[in-house]
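Let's take a walk through this one together, starting with the overall fold and then stopping at a handful of residues. Have the viewer ready to rotate.

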Amino acid sequence: VRLSEFMRFGMPVDHHIYTLGADDSTQETLDVGGRVYISPVENLELTAFGMVGIAMGDNEDDTTLKFGVETVSSF
C-alpha cells in the first residue's frame with residue numbers, strides 16, 4: 001500500500017516446512033508481519049520489518065519474533 005511518494009507498507013506471509021536431521025523430522029512455521037519502505041531521497045531506501053513466526057505441527061511451542069532494518073543506497 002502506497003501512502004505517499006516516499007512511504008509504502010507491505011504485509012509478508014511465508015509458509016515454511018523444514019526437514020531436520022537424519023531422521024527426516026519436519027518443522028512447519030507460518031511467518032506473518034509488516035514491512036515499511038521509506039525512500040526519503042533519491043538513491044536511498046530504508047526497509048523496516050517485524051514478523052511473528054507461528055509454529056505449527058509438532059513444534060507448536062517455538063513461536064518467534066523477528067525485527068530488522070535494512071538500508072540500501074546507490075551512487
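How many helices and how many strands does the protein chain have? It has 0 helices and 5 strands. Keep in mind as we go that this is a predicted model. Read from the N terminus, the elements simply go β-β-β-β-β. The radius of gyration is 17 Å, well over the 11 Å that the globule rule gives for 75 residues, so the chain is more spread out than a compact globule. You can see that in the C-alpha trace too, which spans about 50 × 25 × 15 Å along its principal axes.

A few whole-chain numbers help to set the scene. Buried residues make up 13% of the 75 residues. The chain exposes about 5700 Å², and carbon and sulfur atoms supply 57% of that area. Among the contacts with a separation of 6 or more, 33% come from residues 24 or more positions apart. As for charge, there are 4 positive and 13 negative ones, and the mean positions of these two sets are 14 Å apart.

Now for the strands, and a good place to stand is β3, which covers residues 25-38. Which strands pair with β3? Strand β1 (residues 7-10) does, in the antiparallel sense and over 4 bridges. If you want a landmark for that pairing, find R8, which stands opposite Y37 in β3. Strand β2 (residues 13-20) also runs antiparallel to β3, and 8 bridges join the two. Here H15 is the one to look for, as it stands opposite L30 in β3. Then comes strand β4 (residues 44-56), which pairs with β3 in the antiparallel sense over 11 bridges. On that side, V36 stands opposite A48 in β4.

The link from β3 to β4 deserves a closer look. These two strands form a hairpin with 5 residues between them. N43 is found in this loop between β3 and β4, and its phi is positive, about 70 degrees, although N43 is not a glycine. Is N43 buried or partly exposed? With a relative accessible area of 43%, N43 is partly exposed.

Back on β3, let's zoom in on D31, which lies in that strand. Its relative accessibility is 5%, so D31 counts as buried, the cut-off being under 20%. What does D31 touch, leaving out residues up to four places away in sequence? The list is P12, V13, D14, H16, M51, V52, G53, I54 and K66. Set that beside the strand ranges: V13, D14 and H16 fall within β2, residues 13-20, while M51, V52, G53 and I54 fall within β4, residues 44-56.

P12, one of those contacts of D31, is found in the loop between β1 and β2. Although P12 is in a loop, it is buried, with a relative accessible area of 17%. Beyond its neighbours within four places in sequence, P12 is in contact with D31, V32, G33, G34, R35 and M51. For a sense of distance across the model, the C-alpha atoms of P12 and A48 are separated by 12 Å, with their positions 36 residues apart along the chain.

Moving over to β4, you'll find T47 in that strand. T47 is buried as well, at a relative accessible area of 10%. Its contacts, not counting residues up to four places away, are R35, V36 and Y37 together with G68, V69 and E70. The first three of these, R35, V36 and Y37, sit within the residue range of β3, 25-38.

Let's finish with L20, in strand β2. Is L20 buried or partly exposed? At 34% relative accessibility, L20 counts as partly exposed. Residues up to four places away aside, L20 touches S25 and Q27. Now look from L20 towards V69: the two are 49 residues apart in sequence and 29 Å apart in space, C-alpha to C-alpha. V69 is also one of the residues that T47 touches, which brings us back to β4, the strand where T47 has its place.

Terms used:
Residues numbered from 1 in each chain as written. Predicted model: local features only at pLDDT ≥ 70, side-chain atom pairs only at ≥ 80, totals over all residues. Heavy atoms only, no water. Buried < 20%, exposed > 50% of the residue type's maximum accessible area, 1.4 Å probe, protein only. Contact = heavy atoms within 4.5 Å. Pairing = 2+ DSSP bridges. Rg over C-alpha atoms; globule rule 2.2 N^0.38 Å. Areas by Shrake-Rupley, 256 points an atom, 1.4 Å probe, with all protein chains shown as cover. Lys, Arg positive; Asp, Glu negative; His and termini not counted. Charge placed at Lys NZ, Arg CZ, Asp CG, Glu CD.
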